[in-house]
Amino acid sequence: MPKTVQGRQKQWQLLEVIGRGDAGEVLTVQTDLAQQHGVLKRPVQNVSGGTIVRQATQIENEGQILKQLDGMDYKRGSIRMHTPLLLDESIPGTSATGNLFMISEQVPGVSIESLLKSLQRGEGTFSPILVLKVLVGLVNLLPKVHEKGILWNDVKMEHIFWHEPADQLSFIDWGNGLRFDPLNPDEQINPMLDYRQLIEEGNRLIEQTSPNLAAEIGWPRTTASLSAEEIIQLRFRVEFMENYLGMRVTEFKLAFRKALQDVGDLDAFKAVLELSKALIKLGVPAETEKILEATSELTIELIKKSNLTAAKAVAQLALEAYPDDAPQAWRLLNYTLDIPDLTSHEEYPSMAAAMLRQDWQASIWIAQTIHSEAGFPLNLTKLIMAMRNFGLMPNSNSPSIAEMIEWLITRANQLIPAQTDPQLRLRLQTYQNSLTKLNTTWPQLSPRQQLGDQFLKARELLSDPASGYLGFPRQQLSPVNNLLSLTRDIYRNWESGDIDTCQNAIHQLFALEPGALYLHDLASRINQVDDWIGRLIKGPEPDQTATELAAQLAAEPFEITRTLGQPAWLTAYRQMAAQILAAKDITTLRETAESMSWPLPWLQFHTTQLNLPLLDANTASLTQDQTEALSQFHLALRAGFPAIDRLETIRRLLPEFHQGYKLVLEAREALWSAIQKPPSRWPINAFPLKDQENIQQLYAVIDAITSWQDRIRAGQHSLFEQKTTLGEWKVLMDIDQSEKVWSDQIRPLLTEIHQKHWLTLELSKFSSEDQNHQKLISLLSEASRYWSKVPDQGIFSESAQEMTYIIETAQTQFFTYWQSLKSHQLKPLRWIIENYQSFFSQINQVLLRIGRHLHEVSRAIDVLNAPEMAHTRLAQNSAGGLMFSLVQIENLLQPPSRKHSVIRDWQKQYFDLLAETSHDRLLRQIETIEAIHPLLPWLAELAQRDTDYFQLCESQKW
């Protein structure tokens, strides 16, 4: 159980002694469940009684002062000054004894004295900004303490704690504090005592950190002539300098961050370095990581632009500026920049980028790729080994296997000649021969070897007792085990189909063992497999059939299977290609792909096709069942029947020709599609010889229909003329009938409606058995007759509502008529209607607009006929809306004409009234308006009830 003490407020657990000295000992404490933490100060327990009394008195004095200060918090600018809060005290009766204690707040941060000692040891920095913050804190805290009648009397750097995140200075250890009367200070005990200590401690702080700062702020060297006025002036100077340097730091930080965002050339990089140095002088830590990151980007960009001189200069500046922080990669890059044959290689920028981001696997791999090129003049083995030794993986600093073997061969050459024991000499000679053979074949795998065979042989030879006789250390076997472990990872990932992870393991393996040059070839062969699978999944090119793609893929061998074997997933892809190559029917192939969940979505595309059976078409002899199946298929096409079941029979009896007949059926359906796309078709000579005449006639029908459709789209409506030459085809008869219905009934009616000849519409002229057709003519005629009465009889609420009903009914009837035509039993007619959608839509919109305007007329009349509404703004707006809507209805209902228009006369009279400024003339004009004018009731009510209504100012006129 931890020791505890009972305070006046709480019970505290004693944790750890953090200090012991002449003034007592200090421990960290906490309450139960660690809800509150603090610092306990008490007399040292194992000292003499006199010492305990003295320490207890001093501790008790500190507690009283902290209680009086009450956790002072004072902020000046950004700096917060703080004294610890008294949390608890020992119970009464412990005064001047070893049981006395006080518990205060545990302040955060580190003492200024500790920072100074670190500076003396050459560890870290102490900025002028921090010096000024400490001085500002002291010169502002002391007056606040003195106002309470307290002298600190212990101004020392070890009693000042700096907490950078909160910009806070905490002042501890008030045991030597004194009290005085602020209004009548004693000659011996007065504030000057604290200020003298401040000057002395300030001098020590400045001399150890920033000697030049003393002259800049005029810090006194002595306290001989120190006065209250000089202290005030000193405080002003310190605060000013702290603010000034703070603003300089902010300015430099902004400039630095802006420069760091755009390090585009050597001069910009130099500017970044200069700003960084300036910030360091001001005590701001350098953002080395960000600088080096920007430097890396700049260097790579310069290398890509072949500006190697500038890239070299940047690398050297980075190394000079950050000799300890810059990674080894910069030194290696600096070395490679002096090799012209290497820097001129197209892969060098990629290698340099990998080096700077310390991706040693990638950089070693690229270096070996360059090294292996036939025409490359340099040997990059040392460079590759240097990259390897930069700590790519655990144990990578140990020699490679090839280096161990060469060391053993050299060692054997030294020891064998001096060996006197014939048997041992023969044993060593045999061992050396095995090493030499393995060393000779190390860079390549023989056709019979698999990956890992050489590593197993190496482990066997390195474990041989003869290696121990030659002085080979057994602990060097661990790298061989690492290679074998990575080899197992390669096999495992290859077996599971994880190609990316497999390649990554190969790169790691090569980084550990750069002498295994066959790994490059191995990775290349795996890439070939990955590319092969990618081509299969992507599918055929636009001008390529699925059969041609499968033939290309099936002809490509996989040499990688000799080394790593052929896993099940690769066999599955191979089988997919083989089945596509052997397929005769695209539909059956698609069903197979769907049932087996092949990852080949392109097989379901309409454009995916197999090779045509041109060689079999002219030689294929049809059986009676096959001939009958084709006959039934063509009969369905001629009669316009569904032919899916007949196509299924062809698929069963003639699978190699199913694709062609399926395209024939799709071409027939595509004729009536809204998408103008020419139907795909097989050449005639790709069909069985006995059926080519039928196919030729079918293609002629399709061409004739396509030509007819082109004429319809161009607006050239003429009767279909090729019916007799192509035989009895249901679709041709439907076209003939559809053209007659369109030309005799539908198009003339639409033309009359569009030209607004509604009043002359007659049922006899557009005779039709279609009830929708007849109802539409009747409703439009009735609407036109109703409107023709308006100029003679005027328009009233009842007539407006009746017209609204008729127009809305006509619009609903027109839309019903339109939709019925879109579902007409004649497919060619439906196609014509689809091509004239915009014409139908335009008429429908006109009817809707007329209905909306009639609604406006009806609402306006109701408002204008209400006498109590005559003076309202709503009535004014309704009058204008009524005139506008009437004119719009006339424009939409009546064909263009130069004849006199009563509706427009009404509108002109309304405009004239608006423009009239004389009240008398306005009244006379109202008297001349004809009785059927729709605004007359409203105007008459205004004139009768308000003689001043029309004499409004210009801003209020309606």
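This short talk covers the pocket, one sheet and the nonpolar cores of the structure above.

Keep in mind that this is a predicted model.

Pocket first. The largest pocket has a volume of about 730 Å³. Its lining counts 30 residues. Val26, Lys41, Phe161, Ile172 and Asp173 lie nearest the centre. What is the mix by class in that lining? Eleven residues are nonpolar, nine are polar and ten are charged. Now the elements. Those giving two or more residues to the lining of the largest pocket are strand 2 (11–21), strand 3 (24–30), strand 4 (37–42), helix 1 (49–69) and strand 8 (102–104). Strand 2 gives the largest share, four residues.

Next, a sheet. It is open and has five strands, in the order 5-6-12-11-9. The pairing is mixed. Which strands sit at the edges? Strand 5 (73–76) and strand 9 (110–111), and each pairs on one side only. Look inside that order, at strand 6 (residues 79–82) and strand 12 (residues 168–171). These two run parallel, joined by three bridges. Take Arg80: its bridge partner in strand 12 is Gln168.

Last, the cores. The largest nonpolar core holds 172 residues. Which members touch the most others? Trp219 and Met351. Helix 3 (residues 128–147) supplies the largest share of this core, twelve residues. Let's zoom in on Met351. Setting aside neighbours within four places in sequence, Met351 is in contact with Leu342, Ser363, Ile366, Ala367, Ile370, Leu383 and Met387. There is also a second, separate core, with 99 residues. Leu622, Ile746, Ile929 and Leu939 are among them.

Key. Residues numbered from 1 in each chain as written. Predicted model: local features only at pLDDT ≥ 70, side-chain atom pairs only at ≥ 80, totals over all residues. Heavy atoms only, no water. Core = buried A, V, L, I, M, F, W, Y, C linked by side-chain atoms within 4.5 Å. Buried < 20%, exposed > 50% of the residue type's maximum accessible area, 1.4 Å probe, protein only. Contact = heavy atoms within 4.5 Å. Pairing = 2+ DSSP bridges. 1 Å grid on protein atoms, 1.4 Å probe; cavity = no way out; pocket = protein on both sides within 12 Å on 5 of 7 lines; lining within 4 Å. Points joined across faces, edges and corners; volume = space filled by probe spheres on them. Nonpolar A, V, L, I, M, F, W, Y, C, P; charged D, E, K, R; others polar.
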